[in-house]
Amino acid sequence: MSAELPVVAVVGRPNVGKSTLVNRIVGRRAAIVEERPGVTRDRRELSAEWTGRAFRIVDTGGWLAEGEAGLTGEESALAAKVSAQAAEAVRSADVVLFVVDVMTGITTEDAEVAKLLQQSATPAIVVVNKVDDERREVDIWEFQGLGLGEPMPVSAIHGRLSGELLDAIITKLPEPDENDDDWEARDAADALDDGIFNIAIVGRPNVGKSTLFNRLVGEDRAVVHDMPGTTRDAIDTVVETEDGPLRFVDTAGLRRKSRIDEPTEYYSLVRALEAIDRADAALLVIDASEGVTHQDQRLAERIDAAGTAVTIICNKWDLVDAEDREKVRRDVADMLGFLNYAPMIPISALSGRRVHQLLPALREAEAAYHQRIPTAKLNRVIRDAQNAHPAPVVKKHRPRILYATQGATDPPTFTLFASRPLSAQYLRYIERKLRESFDLGPTPIKLRVRPRTS
């Protein structure tokens with residue numbers, strides 16, 4: 001498991017190039033990068049490898065000193081939470097990369113971070129970024145005053161001297177267990193092929209996704225704040241349950257494209273949509289105090305189109321009175337009727353009320369998502385459904401399903417060999433019969449019709 005790999009945490013004040021360095025090390029644009037501070041907020045773990053040694057690299061938000069000038073009360077509170085995430089990454093790491101900027105020299109924030117790292121037992125490497133040519137290398141020795149040993153120059157954007165940095169990282173990693181055969185590196189796509197059920201937590205901004213994520217994970221893994229748009233990137237965590245592991249992916253809030261007014265938010269949208277596409281199931285979080293909106297409906301359509309099992313979560317249920325609760329239920333049934341197979345669970349992520357109901361619902365969705373039905377049983381149900389309710393006559397001919405087979409799982413996909421094309425209404429009837437007969441409620445079903453050729 002990737003959890004057994006050594007961990008390298010990348011920390012530093014905002015806008016020194018931490019995410020660019022992470023992308024350089026993992027060899028792809030995995031972290032969102034923009035030339036302004038505050039883009040990265042949560043901890044994001046990725047897989048990396050160098051000279052046959054695999055490790056996990058953790059990208060963190062900008063670490064700010066307490067009482068940073070120029071920040072409002074809300075911004076200061078958010079900065080404190082981002083800094084706490086970076087501090088937690090240091091505590092759980094085997095090696096720390098402390099990134100600084102050669103262009104600005106040592107700042108107050110750099111000195112504060114250095115003091116904390118000096119008190120930590122974790123080995124640290126001072127990485128002086130933006131050293132784009134040899135003329136800049138003479139400027140790196142100023143950073144030896146941070147008290148963390150000899151600094152290493154690098155240009156993350158150009159890749160200059162990145163190999164030397166990786167060599168230094170490898171020498172500081174703990175020795176692998178000789179009995180452990182699972183030190184092979186994996187990228188993000190490979191990690192999702194490890195058989196763990198993946199659940200994406202999606203919804204509009206400020207509906208409580210990160211609060212629910214932290215409640216499910218059991219620690220303050222995602223930055224939670226009442227400012228919308230706090231989560232920038234999709235971050236994932238594997239949670240061990242009594243029935244086995246689950247991977248939860250916290251995503252950025254999804255807004256209409258017309259309201260996306262900055263590049264960072266656009267890339268956050270792309271990451272969230274990617275998380276939906278590669279997930280096995282989705283928790284669609286709706287703010288019950290606001291009711292079901294058209295954007296909630298659009299998100300539900302996106303999840304449905306991805307063929308992902310889904311559970312509808314009505315969060316902040318404790319803020320809604322009895323009359324409005326009935327209205328929310330009616331809106332879910334009306335506006336999200338195409339997800340009528342999905343269970344709706346009202347919860348309060350903040351207090352934890354009814355959150356315990358999510359894991360059984362997700363396990364039920366997982367079982368249905370992976371279910372494979374024997375061909376004989378499938379055709380028996382199809383035959384009985386047609387005998388009870390034959391397809392309507394079309395142009396003096398009555399279509400009939402001759403044979404059916406399940407071609408795939410994740411989600412269950414059925415191919416229907418028919419004498420003629422079948423109407424959408426009749427396919428909905430067949431789908432309902434399949435759900436009733438094989439307990440496929442919480443997962444989408446794909447039906448493919450192959451009419452008999454002349």
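**View 1. Arg13 and its side-chain partners in the loop between strand S1 and helix H1.** In this predicted model, Arg13 lies in the loop that runs between strand S1 (7–11) and helix H1 (18–26). Arg13 is buried, because its relative accessible area is 10%, under the 20% limit for that class. The side chain of Arg13 makes a polar contact of 3.1 Å with the side chain of Thr107, and a polar contact of 3.1 Å also joins the side chain of Arg13 to that of Asp110.

**View 2. Ser19 in helix H1, shown with Ala156.** Ser19 belongs to helix H1 and counts as buried, with a relative accessibility of 8%. Although Ser19 and Ala156 are 137 residues apart along the chain, their C-alpha atoms are separated by 9.1 Å. For the chain as a whole, 71% of the contacts between residues at least 6 apart in sequence join residues at least 24 apart, and buried residues make up 52% of the 454 residues.

**View 3. The crossing of helices H12 and H13.** The chain has 13 helices and 15 strands, and this view is centred on two of the helices, H12 (residues 375–388) and H13 (residues 424–438), whose axes come within 10 Å and cross at roughly 130°. That angle makes H12 oblique to H13, and H12 passes H13 in a right-handed crossing. Residues of H12 that meet H13 include Leu378, Val381, Ile382 and Ala385, while those of H13 that meet H12 include Tyr426, Tyr429, Ile430 and Leu434. By class, the contact of H12 with H13 has ten nonpolar, two polar and two charged residues.

**View 4. Two loop residues with positive phi, Leu161 and Lys316.** Most residues other than glycine have a negative phi. Leu161, however, has a positive phi of about 65° although it is not a glycine, and Leu161 is placed in the loop between strand S6 (152–153) and helix H5 (162–172). Lys316, likewise not a glycine, has a positive phi of about 60°, and Lys316 is found in the loop between strand S11 (309–315) and helix H10 (322–335). Leu161 is partly exposed, with a relative accessible area of 24%, and Lys316 also counts as partly exposed, at 21% relative accessibility.

**View 5. The cis peptide bond between Asp410 and Pro411.** Most peptide bonds are trans, but the one that joins Asp410 and Pro411 is cis, with an omega of about 0°. Pro411 is found in the loop between strand S13 (401–408) and strand S14 (413–418).

Definitions and conventions
Residues are numbered from 1 along each chain as its sequence is written. This is a predicted model: local features need pLDDT of at least 70, side-chain atom pairs count only at pLDDT 80 or more; totals for chains, interfaces and linings use all residues. Side-chain values use heavy atoms; hydrogens and water are left out. Axes are lines fitted to C-alpha atoms, for helices over the stretch in contact, and angles run from 0 to 180 degrees between N-to-C directions. Helices (H or I, at least four residues) and strands (E, at least two) are DSSP runs, numbered from the N terminus. Angles under 35 degrees count as roughly parallel, over 145 as roughly antiparallel, 65 to 115 as roughly perpendicular and the rest as oblique. A crossing is left-handed if the near helix is turned anticlockwise from the far one by less than a right angle, and right-handed if clockwise. Contact means heavy atoms within 4.5 Å. Ala, Val, Leu, Ile, Met, Phe, Trp, Tyr, Cys and Pro count as nonpolar, Asp, Glu, Lys and Arg as charged, and the others, Gly among them, as polar. Buried means under 20% relative accessible area, exposed over 50%, partly exposed in between (1.4 Å probe, protein chains only). A polar contact is a pair of N or O atoms within 3.5 Å; within protein, one must be able to donate a hydrogen and the other to accept it, and residues adjacent in sequence count only if both atoms are side-chain atoms.
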